[in-house]
Amino acid sequence: MATLSVYEAGHCTHPACMVLRGAGWGACAFPARAWMIEAAGRRWLWDTGYASHFADHTSDGLYRLYPLVTPVHFDSHQALAAQLARHGLKPWDFDGIIASHFHADHIAGLRDFPGLPILCSGAGWEITRQRRGLAALRRAFVPGLMPSDTEARLRFIEGFEPIALPAALAPFGSGWVLPGSRREVLLVELPGHAAGHIGAFVLTAEGWQLLAADAAWAAQNYTERVPPSRLSHLIMEDPRQYHRTLDQLHQLHRGGQVRIRLTHESTPATDLQPPETTPC
């Protein structure tokens, strides 16, 4: 069975109501999580969280607006590469990095893992790679975070073995097998939040778990069907698709056979309970 290890590589702050409608304007901290997936004697990384490169590429010009709108809190010891090194793991100990999507808080550490294959949605990259300036900023993409040899390192999930998903994962019906994972890691589309946004079903000793990235920001989004603020639609690739994906997560949750794990879920989740003040 596969195993998952979670890491927090910095965090950002944002009004609670951006992720949970009615939760008020109080600032909440949202961790930037990354995971290590171990399966069939191999290792992969799921996203990277923040890294020092984020500050390097958002310190001036148009992209300096990014941390002004979404303040980032990060120290070098929190870098994913640094945390892994403290556990004796080096970049060459991994088979690749799976990028759930190309928002800066998910890919800022790519440069810390030179040469590793980057596994992602080909359709999503084709859209994202063309974005520059304001078009990139509106979609939380900072082009300078991508390594200079990105194109040579990309591996698109659309070329992986397609698979019909087990009934336990309904309503999700199809996906792709992560090569070398012995079908213990299955990649799926979770569209709406960002171009090419994907998730990963991971079969562990405790059962199936879904790394859902930013398909939801808080558990209440899918457990209680409380959506984020409409203001959040401004940064979404496709709000209608996002809400359809939320509906699928709700059905998955109701099925009771899969643990859903989010990148930015506040801890504890009760931090985001809607108060009786100033909804947005």
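I began with cysteine 120, which is buried in this predicted model, its relative accessible area coming to 0%.

From there I turned to cysteine 28 and asked whether I should call cysteine 28 buried or exposed. I noted it as buried, since its relative accessibility is 12% and the cut-off for that word is under 20%.

I then looked up the cysteine sulfur closest to that of cysteine 28 and found it in cysteine 17, at 9.4 Å, which is too far for a bond. A disulfide would need the two sulfur atoms within 2.5 Å, and by this rule I counted zero disulfides.

Next I went to the sheet and wrote down its strand order as β8-β9-β10-β11-β12-β13, an open arrangement of six strands with mixed pairing. I marked β8 (162-164) and β13 (258-262) as the edge strands; each has a single partner strand, so one side of each is left without a neighbour in the sheet. For the twist, I recorded that neighbouring strands of this sheet are turned by 35° against each other on average, with direction ignored.

How many bridges join β12 to β13? I found five, with β12 spanning residues 207-213 and the two strands running parallel. Following leucine 211 across to β13, I reached arginine 261 as its bridge partner.

Last, I checked what packs on the sheet here and noted helix α9, residues 239-255, which touches β11 (198-204), β12 and β13. The direction of helix α9 makes about 140° with that of β13, the strand that I had already marked as standing at an edge.

Key: Residues numbered from 1 in each chain as written. Predicted model: local features only at pLDDT ≥ 70, side-chain atom pairs only at ≥ 80, totals over all residues. Heavy atoms only, no water. Pairing = 2+ DSSP bridges. Helix = DSSP H or I, 4+ residues; strand = E, 2+ residues; numbered from the N terminus. Axes fitted to C-alpha atoms, helices over the stretch in contact; angles between N-to-C directions. Contact = heavy atoms within 4.5 Å. Buried < 20%, exposed > 50% of the residue type's maximum accessible area, 1.4 Å probe, protein only.
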